[in-house]
Amino acid sequence: MPMEPPPDLAALSLADIARLARDKKLPPVERWNPSHCGDSEMRIARDGTWFHQGSPIGRTAMVQLFSTILRREPDGGYVLVTPAEKLDIAVEDAPFVAVEMKVEGSGRGRKLAFRLNTGELVSADADHGLRFADGESGPRPYLHVRAGLEALVVRSVYYEIATLALEGDDEPVGLWSNGSFFPIEPAA
């Protein structure tokens with residue numbers, strides 16, 4: 001069964017995006033506790049590319065499918081989990097990449113939504129916060145996706161976020177989305 005293509009973020013309102021994100025049904029990976037079976041021989045690179053045995057996975061539908069069974073373990077590791085097996089997967093930075101942002105409103109009434117490299121849509125809010133970490137090449141912004149899984153925000157989208165934050169008069173500098181404030185300074 002083919003997976004639906006990712007939606008065009010520019011053609012959707014933020015209300016449409018929130019509805020689509022809410023309606024998306026994900027497997028209940030948090031309830032699956034099979035025995036550990038080994039290593040998947042898979043890796044997610046910092047740029048969001050998924051690899052198996054050293055080769056990039058070229059089928060977008062496969063990456064989308066695997067992303068739905070990805071789970072973060074209490075020890076910080078990542079696994080692919082089904083009701084029958086659990087396999088380690090290496091993640092270089094974050095398992096997802098936020099590649100596009102849509103903005104509606106301004107100031108405290110602003111709403112932000114992001115499209116991930118897997119096609120998933122996430123609205124920044126109290127449950128899906130933005131955080132900023134120090135990196136060798138400057139701040140690295142992350143968006144909480146679900147259950148400890150994050151998306152690294154691509155540099156071009158980070159520049160959009162920084163521009164919005166600098167337009168405001170909040171102290172510390174940051175931005176609002178869906179009633180939540182996200183300072184752009186890395187947490188201490």
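Two strands are taken to pair if DSSP finds at least two bridges between them; helices (H or I, at least four residues) and strands (E, at least two) are DSSP runs, numbered from the N terminus. The structure is a predicted model, in which local features need pLDDT of at least 70 and side-chain atom pairs count only at pLDDT 80 or more, while totals for chains, interfaces and linings use all residues. Residues are numbered from 1 along each chain as its sequence is written, and side-chain values use heavy atoms, with hydrogens and water left out.

**View 1. Pairing of strand β6 with β5 and β1.** A hairpin of 4 connecting residues leads from β5 to β6, and these strands pair in the antiparallel sense over 3 bridges. Within this pairing, valine 81 has lysine 86 of β6 as its bridge partner. Strand β6 (residues 86-91) also pairs with β1, here in the parallel sense and over 5 bridges. Isoleucine 44 stands opposite valine 91 of β6.

**View 2. Buried face of helix α2.** Helix α2 spans residues 60-68, and Val63, Gln64, Phe66, Ser67 and Thr68 in it are buried (under 20% relative accessible area; exposed is over 50% and partly exposed in between, with a 1.4 Å probe and protein chains only). An α-helix has 3.6 residues a turn, so residues three or four places apart point the same way. The buried residues of α2 pack against several strands, among them β1 (36-44), β2 (50-52) and β11 (140-146); contact means heavy atoms within 4.5 Å.

**View 3. Aromatic pairs and a charge over a ring.** Rings of Phe, Tyr and Trp (its six-membered ring) pair if their centres lie within 6.5 Å; planes under 30 degrees apart count as stacked, over 60 as edge-to-face and the rest as tilted. The count by this rule is 4 aromatic pairs. Tryptophan 50 and phenylalanine 66 form a stacked pair, at 6.4 Å centre to centre and 15° between the planes. Because tryptophan 50 belongs to strand β2 and phenylalanine 66 to helix α2, the pair ties together parts that are 16 residues apart in sequence. Both tryptophan 50 and phenylalanine 66 are buried. Tyrosine 158 and tyrosine 159 form a tilted pair, with 6.0 Å between centres and 45° between planes. Phe132 joins Tyr158 and Tyr159 in one aromatic cluster. The charged end of arginine 43 sits over the ring of phenylalanine 51, 4.1 Å from its centre; this requires NZ of Lys or CZ of Arg within 6 Å of the ring centre and within 35 degrees of the ring normal.

**View 4. The six-stranded sheet and helix α3.** An open sheet of 6 strands with mixed pairing follows the order β9-β8-β7-β12-β11-β10. Strands β9 and β10 stand at the edges, each with a single partner strand, so one side of each is left without a neighbour in the sheet. The twist averages 40° from one strand to the next. Strands β10 and β11 pair in the antiparallel sense over 4 bridges, and alanine 133 stands opposite arginine 140 of β11. Helix α3 (residues 155-167) lies across β7, β8 (111-116), β10, β11 and β12 (149-153), running at about 35° to β7. Axes are lines fitted to C-alpha atoms, for helices over the stretch in contact, and angles run from 0 to 180 degrees between N-to-C directions.

**View 5. Surroundings of alanine 124.** Alanine 124 lies in the loop between β9 (121-123) and β10 (130-133). Its relative accessibility is 0%, so alanine 124 counts as buried. Beyond its neighbours within four places in sequence, alanine 124 is in contact with Leu112, Phe114, Leu143, Ser177, Asn178 and Phe182. Alanine 124 and phenylalanine 182 are 58 residues apart in sequence, with 9.4 Å from C-alpha to C-alpha.
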